Amino acid sequence: MILLADSGATKTDWCIANTSSGYTIIQTEGINPFHQPESHIRAIIENQLLPSLPCSTRDIQAIFFYGAGCIPSQKGSINNALQNNFPQATFSVESDLLGAARALCKHREGIACILGTGSNSCLYDGERIVRNISPLGYILGDEGSGAYLGKRFLSDCLKGLLPDRVSNEMLDELQLTAADILEKVYRQPQANRFLAGIVPCIHKHKAIPEIHSFLTDCFSDFIRRNVLPYHASLPVSFTGSVAWFFQEEIKETLASLNLTTGIFVKNPIKELVDYHLRICR
């Protein structure tokens, strides 16, 4: 029996699977060792994951954890938390980007992209990531992500770059004033989650011409800064909630830049289960 995790800033999807009886998916708070201390990561596992497991921890033989922030220097806290709770299991902690590449491309070459609360991309050779343009987080980068869309949208509203009829209607719907926005962005924690929380409203109004133009502009920023520099004529595939719900706008943007669209996967966890179970067999 294996346990897989696909973790982003907002949530972690865990999947317990074996070759004979299918799988069970459990959702917990997002885990990111770059932003969370080991004590908090342990608390998530102990208080949210373990009570929901349909089996004993002793039944789990291998753990594959793919997560945001899982760079080599930050893996230790997740390694320790897993080892503390699953002492009999072997485990592997890798970046969410490698998870996305394995889910989207399997053993084929391609460009794999994540568009969720944050964003990332890589050039994948069918086995490993051969190049990655640093996403730099929602302040310096993360173009095309939920946090980026929220940031750009609120900025455009407050700077008067969207028509008043559009910005006023949407800010009223969100029940946000300029003071509220500045408070939540600059004084309250996890501003990236607040900004990404604007996206459902943007999606609801995406048929408005000015919002459509706003979206294709944002996705053009992502592609120009995070895909074109790979200089590779390969399909560009996407995973993540933002990519899933804005497929048409992304496909339009890719076509305008003469790029080949690959596949879209809302959530990579099931594809990763298939990837690892095939290896186990």
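Here are four short exercises with worked solutions on this predicted model.

**Exercise 1. The ring pair of F219 and F246**

Task: Work out whether the rings of F219 and F246 are stacked, edge-to-face or tilted, and which parts of the chain they join.

Solution:
- Start with distance: the two ring centres are 6.0 Å apart, and rings pair if their centres lie within 6.5 Å.
- Next take the angle. The planes of F219 and F246 stand at 50°, so this pair is tilted; stacked would need under 30 degrees and edge-to-face over 60.
- Now place the residues. F219 belongs to helix α10 (residues 209–226), while F246 sits in the loop between α11 (241–245) and α12 (247–256), so the pair ties together parts 27 residues apart in sequence.
- Finally, check the surroundings: both F219 and F246 are buried.

**Exercise 2. A second pair from the helix**

Task: Find which elements the pair F222 and F238 ties together, and say whether each residue is buried or exposed.

Solution:
- This aromatic pair is tilted too, with 6.3 Å from centre to centre and 50° between the planes.
- F222 is in helix α10 and F238 in strand β9 (residues 236–239), so parts 16 residues apart in sequence are tied together.
- Buried means under 20% relative accessible area. F222 has 1% and is therefore buried; F238, also at 1%, counts as buried.
- To widen the view, ring pairs link F222, F238 and F264 into a cluster. The structure holds 5 aromatic pairs.

**Exercise 3. The span of α10, and a contrasting residue**

Task: Check what span α10 should have, then decide whether F34 is buried or exposed.

Solution:
- At 1.5 Å a residue, the 18 residues of α10 should span 26 Å; the end C-alpha atoms are 26 Å apart, so the two values agree.
- Several residues of α10 are buried, including I211, F214, L215 and I223.
- Turn to F34, in the loop between β3 (23–29) and α1 (38–49). Its relative accessible area is 52%, so F34 is exposed.
- Leaving aside residues up to four places away in sequence, F34 touches G69 and Q74.

**Exercise 4. Reading the sheet**

Task: Give the strand order of the open sheet of 5 strands and name its edge strands.

Solution:
- The order is β3-β2-β1-β4-β5, with mixed pairing.
- β3 and β5 (90–95) pair on one side only, which makes them the edge strands.
- From one strand to the next, the twist averages 15°.
- Look inside: β1 (residues 2–7) and β4 (residues 62–67) pair in the parallel sense over 6 bridges, and F64 in β4 is the bridge partner of L4.
- Helix α2 (residues 76–85) packs on the sheet, touching β2 (11–17), β4 and β5.

Technical notes
Residues numbered from 1 in each chain as written. Predicted model: local features only at pLDDT ≥ 70, side-chain atom pairs only at ≥ 80, totals over all residues. Heavy atoms only, no water. Helix = DSSP H or I, 4+ residues; strand = E, 2+ residues; numbered from the N terminus. Buried < 20%, exposed > 50% of the residue type's maximum accessible area, 1.4 Å probe, protein only. Contact = heavy atoms within 4.5 Å. Expected span 1.5 Å × (residues − 1). Pairing = 2+ DSSP bridges. Axes fitted to C-alpha atoms, helices over the stretch in contact; angles between N-to-C directions.
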